[in-house]
Amino acid sequence: MAGSRHGPTLNPSISSRKQPKQERATDLVAAILQAAVQVLASEGAQRFTTTRVAEKAGVSVGSLYQYFPNKAALLFRLQSDEWRQTNDLLSGILRSVEKTPFERLRAVVHAFIRSECDEAAVRVALSDAAPLYRDAPEAEEAKASGALTIQLFMQEALPGASDAVRNLAGSLIGTTLGAVGKQFSETPRNPVEIETYADAMADMFCAYLRELG
């Protein structure tokens with residue numbers, strides 16, 4: 001969002017300052033990111049600082065700033081990695097043409113809900129930190145990639161539907177899955193609860209697509 005009634009909103013740079021090229025630098029960045037995940041999970045977004053991350057990683061703040069210019073850049077890198085991993089997981093399932101669209105949809109729901117519950121602490125904290133970077137171009141590009149995956153799947157799942165119907169269905173399923181999955185995972189869940197909840201959500205989505213089809 002370019003601005004608000006209170007004046008323009010300035011977004012800090014969230015891009016990494018530079019990319020590691022040598023093995024030692026790659027290991028340093030990996031250590032920083034691992035420490036960042038641990039600090040975020042234990043402290044939450046409000047108490048997350050570059051100083052705490054540097055201390056946890058056993059490196060100087062100056063070394064951290066060589067690759068991440070500020071807190072927002074580090075948090076966005078964690079969020080970008082999470083988006084990419086989730087998108088790769090879901091895309092792989094949705095493109096498994098040996099299964100029917102409904103089988104793939106069920107598998108996606110189960111995989112997503114399990115993933116949300118497995119990484120609940122970090123994902124909730126990243127969601128809390130979203131105002132730092134949610135309007136950045138990089139964030140929009142990441143979301144667009146996931147939206148394209150759903151759009152391609154809907155073309156196959158609803159071949160006789162109009163673009164408007166497919167777009168609405170894809171948006172509704174994607175938004176519902178993300179929002180409800182986040183809310184469900186905020187409470188610790190056991191495997192039986194996860195399986196039961198995912199089954200119910202998959203039943204709902206499949207019934208909706210069958211009606212549209």
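Here are some notes on the pockets, the nonpolar cores and one helix of this predicted model.

1. Start with the largest pocket, which holds about 1300 Å³ of space. Its lining runs to 38 residues, and Trp83, Phe112, Lys143, Gly174 and Gly178 sit nearest the centre. If you want to find your way around it, look at α4 (71-94), α5 (101-118), α6 (120-129), α7 (137-157) and α8 (163-185), the elements that each give two or more residues to the lining.

2. Which helix gives the largest share of that lining? It's α8, with 11 residues. As for chemistry, the lining of the largest pocket splits into 18 nonpolar, 13 polar and seven charged residues.

3. The second largest pocket comes in at about 190 Å³. Leu33, Val37, Leu78, Asp81, Glu82, Gln85, Glu119, Val122, Arg123 and Leu126 make up its lining. By class, that's five nonpolar, one polar and four charged residues.

4. Helix by helix, α1 (23-43), α4 and α6 each put at least two residues into the lining of the second largest pocket. The largest share there is from α4, with four residues. Note that α4 and α6 also turn up among the elements lining the largest pocket.

5. Now for the packing. The largest nonpolar core has 28 residues, and the members touching the most others are Leu40, Phe48, Val53, Phe68 and Leu74. At least two residues of this core come from each of α1, α2 (50-57), α4 and α6. The biggest contributor is α1, which supplies eight residues.

6. Leu74 is a handy residue to click on in that core. What does Leu74 touch, leaving aside residues up to four places away in sequence? The list is Ile32, Leu33, Ala36, Phe48, Val53, Leu64 and Phe68. One of these, Leu33, is also in the lining of the second largest pocket.

7. There's a second core too, separate from the one above, with 26 residues. Cys117, Phe153, Ala161 and Ala202 are among its members. As background, nonpolar side chains in soluble globular proteins tend to be buried together.

8. Last, have a look at α5. This helix has 18 residues and spans 26 Å from first C-alpha to last, close to the 26 Å expected at 1.5 Å a residue. Its buried residues are Arg104, Leu105, Val108, Val109, His110, Ala111, Phe112, Ile113, Ser115, Glu116 and Cys117. Two of those names came up earlier: Phe112 lies among the residues nearest the centre of the largest pocket, and Cys117 belongs to the second core.

Key:
Residues numbered from 1 in each chain as written. Predicted model: local features only at pLDDT ≥ 70, side-chain atom pairs only at ≥ 80, totals over all residues. Heavy atoms only, no water. 1 Å grid on protein atoms, 1.4 Å probe; cavity = no way out; pocket = protein on both sides within 12 Å on 5 of 7 lines; lining within 4 Å. Points joined across faces, edges and corners; volume = space filled by probe spheres on them. Nonpolar A, V, L, I, M, F, W, Y, C, P; charged D, E, K, R; others polar. Core = buried A, V, L, I, M, F, W, Y, C linked by side-chain atoms within 4.5 Å. Buried < 20%, exposed > 50% of the residue type's maximum accessible area, 1.4 Å probe, protein only. Contact = heavy atoms within 4.5 Å. Expected span 1.5 Å × (residues − 1).
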